[in-house]
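Grab a pencil and have a go at the exercises below. Try each task yourself before you read its solution.

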Amino acid sequence: MDYSKFFSTDVPSFLRSPVREIFKKVDLNAIYSFAGGYPNAATFPLEDIKRLSTEVIEKYGANAFQYGATQGLTLLRETLSKRYGVPVENIQITTSSQQGIDVCSRILLDPGDVVFAQAPVYLGALQSFRAYRAVVKEIPEQVGDDGCLVGDDGCLVGDDGCLVGDDGVIADKGTAGPTPVIADSVRQSRPKALYVIPDFNNPSGKTKTLEERQALVDFARRNDLIIIEDSPYKELRYEGEDVPSIYSLAPERTLHLGSFSKIFAPGFRLGWIFGPTELLEQIYVCKQALDLCPPIFDQYLAAEFMGSGALDANLAKSKELYRSKRDYLLELLQKYMPEGVSWTHPEGGLFLWLTLPEEVDTVAMYDSALKAGVAYVAGSFFYPDGSHRNTMRLNFSFLDTDRMEAGIKILAEQVRKNLVQRWSGAGNLFVVADGRGKDLSALRSEPTIQNICAKYGTDGLMILDDSAEHDFKMEFYNPDGSGGMMCGNGGRCIAAFADSLGVKPAHEGHYCFDAPDGLHSADLLQTPKNGDGKWVIRLKMRDVSEVKPVLDGYFLNTGTRHFVKFVPDVDDVDVENDGKGIRWMSEFAPEGTNVNFVSAHEDGLHVRTFEKGVERETLACGTGITASAIAAFAVKFTPPAKNDDGRISYSLKARQDWLKVDFLPDLTDVYLTGPAEILV
């Protein structure tokens with residue numbers, strides 16, 4: 001039966017929680033879970049709950065099990081009023097702070113309305129906003145010297161605090177009123193709310209300074225927004241000074257959400273809202289349709305727990321436990337995480353935020369990590385646009401301390417497996433990544449390729465992937481993000497990389513792999529010994545052809561498109577004149593890609609390479625080395641000795657690496673042999 005026809009138009013907007021999906025799949029006690037936002041069960045005041053349960057029944061009798069007021073138990077509201085200094089009439093009890101987010105969304109948002117937030121954004125809030133078909137838009141985290149919210153590339157908000165339009169133009173200074181409404185097919189939508197977790201943010205763990213809070217208040221006032229201040233962790237501070245709430249700075253336009261889940265026990269499902277009476281009145285009416293009233297017995301327990309002083313006593317123990325767990329997790333991350341991984345240092349709360357090298361996709365990595373026994377939440381789920389796939393959230397409250405180290409060791413190993421590696425072949429540097437069974441679409445984007453090559457100073461990016469017919473497949477990308485034809489050095493590096501990952505060739509020691517320019521083969525001549533990290537690979541070269549003389553003593557290899565010129569000594573080559581001039585002669589365009597200068601020495605041929613469009617010496621690639629050897633043979637330059645099998649062999653030195661090129665005179669079989677070495 002097709003049930004889809006019965007669903008409301010809101011259903012497609014519902015957002016699944018990846019955390020809840022984890023809980024469906026696995027037993028959290030059977031793995032090392034840093035995923036959920038669970039408080040530690042050791043903080044649940046079980047003895048107090050036993051004692052207070054009896055006292056509540058004896059003191060309040062059947063009233064503790066009767067229906068109650070929609071706005072909440074008066075006793076509990078009075079207890080909260082005394083603790084936080086908020087008038088009773090400005091307090092609404094909710095069935096969890098998540099319900100608080102939901103009822104705020106219900107009374108404020110229509111489809112198409114805009115909620116502003118500073119990403120990463122709490123996933124439960126994104127779920128609620130999207131369920132009502134609101135649009136979540138990011139605003140920058142930084143606050144400028146003048147108090148304006150600013151981005152990396154300038155102001156999102158003008159000096160007068162006005163919002164930027166959809167066309168990216170900042171509103172004129174002095175413009176009165178809020179941002180113009182946003183057109184909607186049904187109605188006129190407009191920015192309505194600003195959502196923020198100012199204390200120990202979920203997921204980032206960051207806390208906003210007083211100046212940052214004041215900037216958000218100014219932003220909201222100038223643009224006539226309601227502030228939803230989500231504050232379930234404010235009581236869980238382990239270091240630093242308390243910062244005034246946003247509600248205390250702007251009570252007239254702030255709905256402040258609190259929760260008993262982190263300071264009492266989440267099973268009671270109790271929270272509260274502080275806010276203007278006009279807004280709470282609508283929330284009161286809304287809640288009548290939701291749950292009639294919060295659970296009465298739970299409210300009595302919470303009120304007695306707070307009023308008796310048991311809350312503060314339990315908080316002190318909880319904070320000490322969480323402080324030690326946070327510190328230990330930070331210590332473990334420092335000990336085990338590979339270079340290039342960074343994390344926040346939260347002053348409180350339950351979470352910290354990891355930022356990994358850009359090439360690591362934590363969404364793609366998740367299944368293998370879970371299979372290895374460790375869980376986390378990928379950071380992209382906390383971004384409205386699904387970006388920042390190289391981030392993750394870790395919780396430090398749930399997992400017992402004696403299990404943390406094993407979990408972080410596994411997680412660090414998973415991260416390390418997904419890091420790209422730098423390999424050297426004949427002086428060429430390549431970033432290499434394992435793409436088997438992973439979604440590396442983010443890694444293949446042109447900006448990411450450019451960033452990676454610039455970051456590591458490499459000549460290209462290579463990705464090893466599965467092949468349906470051969471041992472593996474190789475992708476090659478130039479530093480500008482374009483796809484490239486495989487060069488010999490890259491082929492040797494990718495073969496060594498496959499071996500280092502334990503990829504087993506169909507024929508022992510002999511790989512067949514797909515590359516951008518066709519099928520290649522490589523022989524593994526020597527496996528690394530004594531941990532030296534070096535391989536020797538013999539690669540069968542493709543696309544080699546004859547060498548023909550061209551202008552001014554240069555030879556052109558028609559297959560590899562490299563120019564070759566023989567000189568008395570490559571060290572005497574004048575790059576500015578001889579090297580630069582020949583490469584750009586119109587007679588050779590567009591045939592050539594670079595030029596190799598070659599000189600003969602007792603130990604073999606020495607090669608220097610200059611790339612087209614580059615005003616300096618570059619690293620020799622395998623096709624250029626091959627072209628040099630074939631050109632030397634074609635002109636009878638330093639005649640080589642023949643091998644027993646009739647092959648002709650040249651030894652060549654390019655930068656720090658020695659290579660050998662051997663081939664048959666008819667060029668039907670040409671091989672490039674040399675080292676490949678892992679650098680990172």
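Here are four exercises on this predicted model, each with a worked solution.

**Exercise 1: a four-stranded sheet**

Task: Work out the strand order of the open sheet of four strands, and find which strands are at its edges.

Solution:
- Start with the order. Going across the open sheet, you read 14-15-18-17, and the pairing is antiparallel.
- Now look for strands that pair on one side only. Those are strand 14 (342-343) and strand 17 (377-378), and they are the edge strands.

**Exercise 2: strand 18 and its partners**

Task: Find how many bridges join strand 18 to strand 15 and to strand 17, and name a residue pair for each.

Solution:
- Take strand 15 (residues 351-355) to begin with. Strand 15 and strand 18 share five bridges and pair in the antiparallel sense. For a residue pair, pick Phe 351, whose bridge partner in strand 18 is Asn 395.
- Next comes strand 17. Two bridges link strand 17 to strand 18 (residues 391-395), and these two strands run antiparallel. Here you can pick Val 377, which sits opposite Arg 393 of strand 18.
- Finish with the cover on strand 18. Five of its five residues are buried, so they each have under 20% relative accessible area. Thr 391, Arg 393 and Asn 395 point one way, while Met 392 and Leu 394 point the other way.

**Exercise 3: Phe 6**

Task: Is Phe 6 buried or exposed, and which surface patch does Phe 6 belong to?

Solution:
- Locate the residue: Phe 6 lies in the segment before helix 1 (18-25).
- Check its relative accessible area, which is 53%. The cut-off for exposed is over 50%, so Phe 6 counts as exposed.
- Now add the other patch members. Phe 6 joins Met 1, Tyr 3 and Phe 7 in a nonpolar patch on the surface, and together they have about 540 Å² of accessible area.

**Exercise 4: the largest cavity**

Task: How many cavities of 30 Å³ or more does the structure hold, and what lines the largest cavity?

Solution:
- Count them: there are three cavities of 30 Å³ or more.
- Turn to the largest cavity, which holds about 70 Å³ of space.
- Read off its lining. Among the residues there are Glu 359, Asp 361, Lys 417, Asn 418, Ala 433 and Asp 434.
- Match the lining to elements. Helix 12 (401-418) and strand 20 (428-434) are the elements that give two or more residues to the lining of the largest cavity.

Definitions and conventions:
Residues are numbered from 1 along each chain as its sequence is written. This is a predicted model: local features need pLDDT of at least 70, side-chain atom pairs count only at pLDDT 80 or more; totals for chains, interfaces and linings use all residues. Side-chain values use heavy atoms; hydrogens and water are left out. Patches are made of residues with over 30% relative accessible area and no salt bridge: like charges are joined within 9 Å, nonpolar side chains (Val, Leu, Ile, Met, Phe, Trp, Tyr) within 5 Å. Accessible areas come from the Shrake-Rupley method with a 1.4 Å probe; for residues, only the protein chains shown count as cover. A salt bridge is a side-chain nitrogen of Lys or Arg within 4 Å of a carboxyl oxygen of Asp or Glu. Buried means under 20% relative accessible area, exposed over 50%, partly exposed in between (1.4 Å probe, protein chains only). Two strands pair if DSSP finds at least two bridges between them. On a 1 Å grid over the protein atoms alone, a cavity is a set of points where a 1.4 Å probe fits but cannot get out, and a pocket is an open set with protein on both sides within 12 Å along at least five of seven lines; lining residues have an atom within 4 Å of a point. Grid points are joined across faces, edges and corners, and a volume is the space filled by probe spheres set on the points.
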